[in-house]
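Trainee: Could you take one part of this chain and walk me through it closely, then set it in its surroundings? Please give the cut-offs for each term as you use it.

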Amino acid sequence: MARPETILSTTAPTGPSAPVTRLLQRVVEVRPDEVRALLLSCGYFFCILSAWFIMRPIREQTGVAGGINNLPWLYTGTLIATLVVHPPFAALVARLPRRTFVTIANRFFLTNILIFFGLFQTLPESQLVWLGRAFFVWTSVFSLFVTSVFWSFMVDVFRTDQAKRLFGFIGFGGTLGSVTGAAVTATLAPRIGPVYLFLASAVLLELAVQCARRLGTASASLGKSANAAAGEALIGGQALAGIKHVLRSPYLLNICLYMLLFTIGSTVLYFQQAQIAVQSFTDRAGQTAFFARIDLAVNILTLLTQAFLTGRLIKTLGVSITLALLPALTLIGFLALGTFPVLVVFVVFQVLRRAGEYAVARPTREVLYTVLDREDKYKAKHFIDTFVYRGGDQVGAWSMRGLTALGLGFAGASYLAAPFAAIWLGIALWLGRRHAVLAQLSEAGRVPAAPGGSTQSL
């Protein structure tokens with residue numbers, strides 16, 4: 001007997017026209033019944049990343065303006081804020097339908113953007129440094145929060161086999177948003193001032209909400225559930241269940257270690273980038289434009305990779321090897337930076353690493369969550385994506401401060417980071433193999449579809 005998804009794939013598209021479907025099928029392995037959900041997912045991701053990348057260079061400039069030596073304290077504030085936000089969000093997940101809590105989460109941050117716009121317009125110059133620090137902390141929470149909610153939605157909507165085929169192209173939609181947001185800030189910030197760009201971010205978040213609401217309905221055609229109402233069933237459980245499941249599950253704990261080691265390396269490079277900006281540019285507009293140009297270069301490379309390589313890499317190499325590509329690149333990059341601690345090596349390494357994260361590692365990493373139950377896809381995943389991620393930032397930030405106090409420069413920090421990259425590589429390979437086993441067992445019906453309380457056995 002044919003599998004349900006095979007039957008579904010023969011049906012005619014009910015949303016986008018047949019020419020659109022045929023055009024998409026030249027780029028991505030998408031079936032007619034998946035096209036509408038795919039396009040809405042791309043639109044959703046485009047909007048939230050465009051909103052974020054409009055504000056990202058502004059955040060970078062406010063962090064530098066507050067003093068590089070104060071950055072570890074900003075990371076501490078971000079970690080605390082992230083921990084504070086998690087329980088209320090988990091409570092919303094437990095008590096409200098998916099469509100409702102996704103809408104509330106995004107509109108909460110939309111409202112915050114408008115508040116910051118008003119404050120930056122009205123507060124005197126003497127208070128802008130502290131407002132900038134608050135903005136740095138808030139945007140650091142915002143960027144991870146809305147992205148985590150998005151990917152939780154994706155792993156809830158799409159099956160594992162669909163995720164492997166479609167997540168790379170969905171990431172392509174997000175990268176288009178990143179390029180758009182970075183280009184808007186790089187072009188308009190020097191002309192009209194960065195603060196007025198907040199309004200564009202607010203509009204984009206509302207558009208993201210509209211895409212998410214429609215995607216909930218479109219998911220009925222994906223074959224994962226009988227109808228859209230199944231995806232809107234209350235998840236239930238305790239607000240802190242995600243944290244408990246993480247602590248009991250070797251699989252989730254290794255995802256935590258993967259995230260920690262990734263963010264520690266990212267923070268080391270972030271501090272080095274901040275030092276370069278201070279040394280190279282003396283005015284705020286120049287620093288903002290510099291950060292925006294780096295973002296633009298990263299996103300263009302990411303766009304090209306996602307368009308031509310990501311889906312093929314996951315399909316050809318499998319989750320395990322594809323997940324290990326970024327740790328391998330990081331190991332080589334830190335060794336190269338330690339041996340040749342010059343600007344050009346740093347810039348090439350930073351651009352390649354960030355592009356590799358967005359284009360390859362992130363879509364592949366999200367596939368790991370498709371074998372979890374719905375509660376862990378939102379609660380445990382959100383805890384890992386936000387608090388654990390920022391915990392890695394915290395370790396990296398204070399480690400860099402300590403290394404700076406000891407007089408270690410680019411070379412010393414890079415050599416010290418290399419062994420952690422090697423450990424990260426081993427964890428990536430283990431996670432990929434474990435996911436393959438869990439996916440096969442789940443398809444064969446030999447493990448529960450919802451790990452939930454038994455997730456510690458994963």
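Mentor: Take helix α14: at 1.5 Å a residue its 25 residues should span 36 Å, and its end C-alpha atoms lie 35 Å apart, which agrees. The expected span is 1.5 Å times one less than the number of residues, and helices here are DSSP runs (H or I, at least four residues; strands are E, at least two), numbered from the N terminus. The model is a predicted one, in which local features need pLDDT of at least 70 and side-chain atom pairs count only at pLDDT 80 or more, while totals for chains, interfaces and linings use all residues. Residues are numbered from 1 along each chain as its sequence is written, and side-chain values use heavy atoms, with hydrogens and water left out.

Although the end-to-end distance of α14 agrees with the expected span, the helix bends by about 45° at Glu-357, the bend at a residue being the angle between axes fitted to the seven residues ending there and the seven starting there. The helix is also mostly covered, with 18 of its 25 residues buried, where buried means under 20% relative accessible area, exposed over 50%, and partly exposed in between (1.4 Å probe, protein chains only).

Two of the buried residues carry charged side chains: Arg-362 forms a salt bridge with Glu-366, the closest N and O atoms being 2.4 Å apart. A salt bridge is counted when a side-chain nitrogen of Lys or Arg comes within 4 Å of a carboxyl oxygen of Asp or Glu. Both residues belong to α14 and stand 4 residues apart, about one turn of the helix. An α-helix has 3.6 residues a turn, so residues three or four places apart point the same way. Arg-362 counts as buried because its relative accessible area is 15%, and Glu-366 because its value is 0%.

Leu-352, also in α14, gives another view of the helix, since its relative accessibility of 38% makes it partly exposed. Leaving aside neighbours within four places in sequence, Leu-352 is in contact (heavy atoms within 4.5 Å) with Leu-301 and Leu-329. Its C-alpha is 9.6 Å from that of Ala-297, a residue 55 places away in sequence.

Leu-352 also belongs to a nonpolar surface patch with Phe-340, Val-342, Val-344 and Val-348, and together these residues have about 450 Å² of accessible area. Patches are made of residues with over 30% relative accessible area and no salt bridge, like charges being joined within 9 Å and nonpolar side chains (Val, Leu, Ile, Met, Phe, Trp, Tyr) within 5 Å; accessible areas come from the Shrake-Rupley method with a 1.4 Å probe, and for residues only the protein chains shown count as cover. One member of the patch, Phe-340, lies in the loop between α13 (310-339) and α14 (343-367), and Phe-340 counts as exposed because its relative accessibility is 52%.

Another bent helix makes a useful companion to α14, namely α7, which has a kink of about 45° centred on Leu-166. The 33 residues of α7 should span 48 Å at 1.5 Å a residue, and the 45 Å between its end C-alpha atoms agrees with that. Just after α7, Gly-193 takes a positive phi of about 95°.

The salt bridges of the model number 12 by the rule above. In one of them the side chains of Arg-165 and Glu-34 meet at 2.7 Å, N to O. Arg-165 lies in α7 (residues 160-192) and Glu-34 in the loop between α2 (18-25) and α3 (35-65), so the pair ties together parts that are 131 residues apart in sequence. Arg-165 is buried at 12% relative accessibility, and Glu-34 is buried at 0%.

In another salt bridge, Arg-159 and Asp-161 meet at 3.0 Å, N to O; Arg-159 counts as buried at 15%, whereas Asp-161 is partly exposed at 24%.

For the setting of all this, the chain has 16 helices and 0 strands, and 56% of its 458 residues count as buried. Among contacts between residues at least 6 apart in sequence, 84% join residues at least 24 apart. The accessible surface of the chain comes to about 18000 Å², with 68% of it belonging to carbon and sulfur atoms.
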